[in-house]
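Biologist: I'd like to go through this model with you and ask how you justify the words you use for it. Could you set each one against its cut-off?

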Amino acid sequence: MTANRRFRSVTRIGLVPVGTSHDGRGREKHTAACTAPRCGFSADHDSRAAAELAARTHRCPVR
């Protein structure tokens, strides 16, 4: 099953955009996902600070 999310408050840190959305239960989730081809990095976090930290520390193996 795919997750169709409507993101708001999207910021970009390097190649990794960080966005805020609501999960299926109505809780707020923060997602960081790399946009480089063939990278595959993505992470869901409960706090915005954790998602931004994951975006800042991500080292893309494709580069």
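Biologist: What makes the backbone oxygen of Ser-9 and the side chain of Arg-48 a polar contact?

Modeller: The Ser-9 backbone oxygen lies 2.9 Å from a polar atom of the Arg-48 side chain. A polar contact is a pair of N or O atoms within 3.5 Å; within protein, one must be able to donate a hydrogen and the other to accept it, and residues adjacent in sequence count only if both atoms are side-chain atoms. So 2.9 Å falls within the limit. Keep in mind that this is a predicted model: local features need pLDDT of at least 70, side-chain atom pairs count only at pLDDT 80 or more, and totals for chains, interfaces and linings use all residues. Residues are numbered from 1 along each chain as its sequence is written, and side-chain values use heavy atoms, leaving out hydrogens and water.

Biologist: Why is Arg-48 called buried or exposed?

Modeller: Arg-48 has a relative accessible area of 17%. Buried means under 20%, exposed over 50%, and partly exposed in between (1.4 Å probe, protein chains only). So Arg-48 is buried.

Biologist: And Ser-9, where does that fall?

Modeller: Ser-9 is partly exposed, because its relative accessible area is 47%. It sits in strand β1. Ser-9 also has a positive phi of about 55°, although it is not a glycine. Most residues other than glycine have a negative phi.

Biologist: Which other residue that isn't a glycine has a positive phi?

Modeller: Arg-38, with phi near 65°. Arg-38 lies in the loop between β3 and β4, and its relative accessibility of 75% makes it count as exposed.

Biologist: Back to Arg-48. Which residues is it in contact with, leaving aside its neighbours within four places in sequence?

Modeller: Ser-9, Thr-11, Val-18, Gly-19, Thr-20 and His-30. Contact here means heavy atoms within 4.5 Å.

Biologist: How do you know that Arg-48 belongs to a helix?

Modeller: Helices are DSSP runs of H or I with at least four residues, strands are runs of E with at least two, and both are numbered from the N terminus. Arg-48 is in helix α1, residues 48-57.

Biologist: What puts the buried residues of α1 on the same side?

Modeller: Those residues are Arg-48, Ala-51, Ala-54 and Ala-55. They cover an arc of only 125° around the axis, which puts them on the same side of α1; the arc is that of the directions from the helix axis to the C-beta atoms. On the other side, Ala-49 and Leu-53 are exposed. Ala-50, also in α1, is partly exposed at 26%.

Biologist: What do the buried residues of α1 pack against?

Modeller: They pack against β1, β2, β3 and β4. The helix lies across those four strands, running at about 160° to β2. For angles like that, axes are lines fitted to C-alpha atoms, for helices over the stretch in contact, and the angles run from 0 to 180 degrees between N-to-C directions.

Biologist: What makes two strands a pair, say β1 and β2?

Modeller: Two strands pair if DSSP finds at least two bridges between them. Four bridges join β1 to β2, so they pair, and they run antiparallel. One bridge puts Thr-11 opposite Val-18 in β2. Five bridges join β2 to β3 (residues 28-33), again antiparallel; there, Val-18 has Ala-32 as its partner and His-22 stands opposite Glu-28.

Biologist: Why is one side of β1 and of β4 left without a neighbour in the sheet?

Modeller: The four strands form an open sheet in the order β1-β2-β3-β4, with antiparallel pairing. β1 (8-13) and β4 (42-45) stand at the edges with a single partner strand each, so one side of each has no neighbour in the sheet.

Biologist: What makes β2 largely enclosed by the rest of the structure?

Modeller: Five of its seven residues are buried, so β2 is largely enclosed.

Biologist: And what earns a group of residues the name nonpolar core?

Modeller: A nonpolar core is a set of buried Ala, Val, Leu, Ile, Met, Phe, Trp, Tyr and Cys residues joined through side-chain atoms within 4.5 Å. The largest one has nine residues: Val-16, Val-18, Ala-32, Cys-34, Ala-36, Cys-39, Ala-51, Ala-55 and Cys-60. The elements giving two or more residues to this core are β2 (16-22) and α1.
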